[in-house]
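This report describes selected local features of one protein model for a reader who has not met it before. Please consult the sequence and the structure shown here while reading.

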Amino acid sequence: MHGSRDSSRVAVTFDDGPNPPRTEQVLDILAAEGCQATFFLIGKWVERWPDTVRRIMDRGHVIGNHSHTHVVGVGDYDDAEAAISHVTGGVSRFARAPAFDYASCAQSPLVISGELVLIDADVKPSDWAKTDADAIAEAILSDPDLQGGSIIVLHDSSEQDDAAHRLGRPVPMIEALPTVLRTLRQRGYELVGLDQLELVDPVPWSPEGPQPELHRAAQTASNP
């Protein structure tokens, strides 16, 4: 899944937040570089840190639904949407399945109804598994699929309750982020929220479950 290849726009997305103060650090970097982004939020963290959600919204970034508990096989998007809308006063347009587990969407009336557009990504640097900022930047900037319309998936948090893991995991990504954003802009890309991207090859939900290529993506997903 990606945006129109005829466009110079690229969408940078962040999964697993909100996560103060790491999400605030990301927001400051985005502001310094003049970029917009999309944050796919976990409902249980929205309930814990609503002020960070408001900061994301106040900065003009897009907020998406990343399930309520981030448990593979559990499609609790409706619970997450209740938490998100309680804080934002609006509804999400986009959802991303944890570990790209699209089969779990069968449990969500919101997804089945088409009210939430499922978002994949075509640039997946596995930042969550890397501890070196340069390696993260290289994985993004040298990805052969990176081009106009790309959707990049990064992680500013973790689904785990362990605070050390949740706060520590995104540090290398945050260190890499200024270089990544600056380089993308130097290459002529405009970094936008998903609401400004013309989506191509959207991920459809069907009662039969994910398509074969989506099933493979779920099996090898970078964020278990």
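Ser67 has a relative accessibility of 0% and therefore counts as buried, since the cut-off is under 20%. In this predicted model, Ser67 sits in the loop between β4 (62–65) and α4 (77–88). Its phi is positive, about 80°, although Ser67 is not a glycine. The loop between β4 and α4 also holds His70, whose phi is likewise positive, near 55°. His70 is buried as well, with a relative accessible area of 5%. As background, most residues other than glycine have a negative phi, and most peptide bonds are trans.

Cis peptide bonds occur in the model. One runs from Gly17 to Pro18, with omega near 0°, and another from Pro20 to Pro21, also with omega near 0°. Pro18 is placed in the loop between β2 and α1, as is Pro21.

Two helices can be set side by side.

| Helix | Residues in helix | End-to-end C-alpha distance | Expected span |
|---|---|---|---|
| α1 | 12 residues | 17 Å | 16 Å |
| α8 | 16 residues | 24 Å | 22 Å |

For α1, the distance between the end C-alpha atoms agrees with the span expected at 1.5 Å a residue. Its buried residues are Arg22, Thr23, Glu24, Val26, Leu27, Ile29, Leu30 and Glu33. The elements covering them include β2, β3 (38–41), α3 (50–58), α7 and α8. After α1 comes Gly34, with a positive phi near 70°.

Helix α8 covers residues 171–186 and has a kink of about 40° at Leu177, shortly before the proline Pro178. Leu177 is itself buried, and the other buried residues of α8 include Pro172, Met173, Ile174 and Val180. Among the elements that cover the buried residues of α8 are β2, α1, α6 and β7 (151–155). Gly188 follows α8 and has a positive phi near 95°.

A further buried position is Asp120, with 4% relative accessibility. Asp120 belongs to the loop between β6 (117–118) and α6 (133–141). Its side chain makes a polar contact of 3.0 Å with that of Lys124. Arg96 is 24 residues away from Asp120 along the chain, yet their C-alpha atoms are separated by 6.6 Å.

Confidence should also be considered. The average pLDDT of the protein is 90, and 89% of the residues score at least 70. Over residues 209–224, however, the pLDDT is below 50; this stretch has 30 contacts in the model beyond near neighbours in sequence. Where pLDDT is low, the predicted coordinates should not be read in detail.

Methods: Residues numbered from 1 in each chain as written. Heavy atoms only, no water. Helix = DSSP H or I, 4+ residues; strand = E, 2+ residues; numbered from the N terminus. Buried < 20%, exposed > 50% of the residue type's maximum accessible area, 1.4 Å probe, protein only. Polar contact = N/O pair within 3.5 Å; in protein donor to acceptor, adjacent residues only side chain to side chain. pLDDT = per-residue confidence, 0-100. Contact = heavy atoms within 4.5 Å. Expected span 1.5 Å × (residues − 1). Bend = angle between axes of the 7 residues up to and from the residue.
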